[in-house]
Amino acid sequence: MKKTALSLTLLLFTITAFSQTGFGIKAGGMIATKTVGDLDRNLELKKASYLGGVFYSIPFNKRLGLQLELLYANKGISEREQFLIREDLHYLNLPIMLQYAITKRFGVELGPEVGYLLEQKQIFNFGTQPRSPAQKSFDMAINLGVNYALVEKVFLSLRYNFGIYNTIKPFNEFSPDRPPQEDPFTGNRTLQFSVGYHFSQ
C-alpha cells in the first residue's frame, strides 16, 4: 500500500505542477481480466475495478491531436468458486493516445501504453499472499477507444485496453529446478469507462 500511496501522491503533484492549456483529470471504472494461453475461461474471471489520473492534450490542428496520460489502475481478476478470491495488480500506466475528432463532440483514439506494477496482492480463502516471484514489473498494451464531449470541458471516454506483453516470467527463470518449457502468454485486458475534465481549453 505504500507504493500505491506514493503513486497517488505523484498524481496529485502532477496536477499542481501543470497549469497549461489542455491539462485535465479523469477517473472512472473498468472491467478487468486476464488472458492465459488459449484458456477461454480466464476471460470469465472479470473484476469490477477503478482507475484515475491526469492528462495533457497537445492539439496538432482542429481534428488531430495527441494526449499524454498518467493513470493509476487496479487490474487483475476475481474468482469466487476456487481458492483464489481476488488478485489486485496496482499499475501506474502511461498511455500515449493519438486522437481524431470526427465531429465537434465525438472522436476516436488509438495508442500504446506502458505500465509499471507498483504492488500485487493475491487474496485466497486461506489468507493474503505477497507478490509472486513470477510476476513481472513491466506491462505494455494497445488502447482503442472513443470519447464524447458532454459540455465544453467535460467528456466521456470508453476505451479497450489489450495487453500485448507477457507479464509472467518463464517458469525456469524464477524456479531453476523446473525444466524449460513453452510458457503460456499471460496478459491484462480491461474495458474502461471514465469521465474527464479539462481545466482550460
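Colleague: How many residues lie between β2 and β3 in the hairpin they form?

Modeller: This is a predicted model. For a hairpin, look at the two strands and at what separates them. Here β2 and β3 form one with four residues between them.

Colleague: In which sense do β2 and β3 pair, and over how many bridges?

Modeller: Pairing is read from the bridges between two strands; at least two are needed. β2 and β3, the latter spanning residues 64–78, are antiparallel, with nine bridges. One of the partnerships to inspect joins Pro-59 to Gly-65 in β3.

Colleague: Which strand pairs with β1?

Modeller: β1, residues 23–36, pairs with β2, residues 47–59. The sense is antiparallel and there are ten bridges. To place a residue in this pairing, take Met-30, which has Ser-49 of β2 opposite. β2 therefore has bridges to β1 and also to β3, given that strands count as paired from two bridges upward.

Colleague: What pattern does the chain follow along the sequence?

Modeller: List the elements in sequence order. There are two helices and nine strands, arranged as α-β-β-β-β-β-β-β-β-α-β.

Colleague: What share of the contacts with a separation of 6 or more joins residues 24 or more positions apart?

Modeller: Sort the contacts by sequence separation. Among those with a separation of 6 or more, 64% link residues at least 24 positions apart.

Colleague: What percentage of the residues is buried, and what supplies the exposed area?

Modeller: Read burial by residue and surface by atom. Of the 201 residues, 41% are buried. The chain exposes about 11,200 Å², and 65% of that area comes from carbon and sulfur atoms.

Methods. Residues are numbered from 1 along each chain as its sequence is written. This is a predicted model: local features need pLDDT of at least 70, side-chain atom pairs count only at pLDDT 80 or more; totals for chains, interfaces and linings use all residues. Side-chain values use heavy atoms; hydrogens and water are left out. Buried means under 20% relative accessible area, exposed over 50%, partly exposed in between (1.4 Å probe, protein chains only). Contact means heavy atoms within 4.5 Å. Accessible areas come from the Shrake-Rupley method with a 1.4 Å probe; for residues, only the protein chains shown count as cover.
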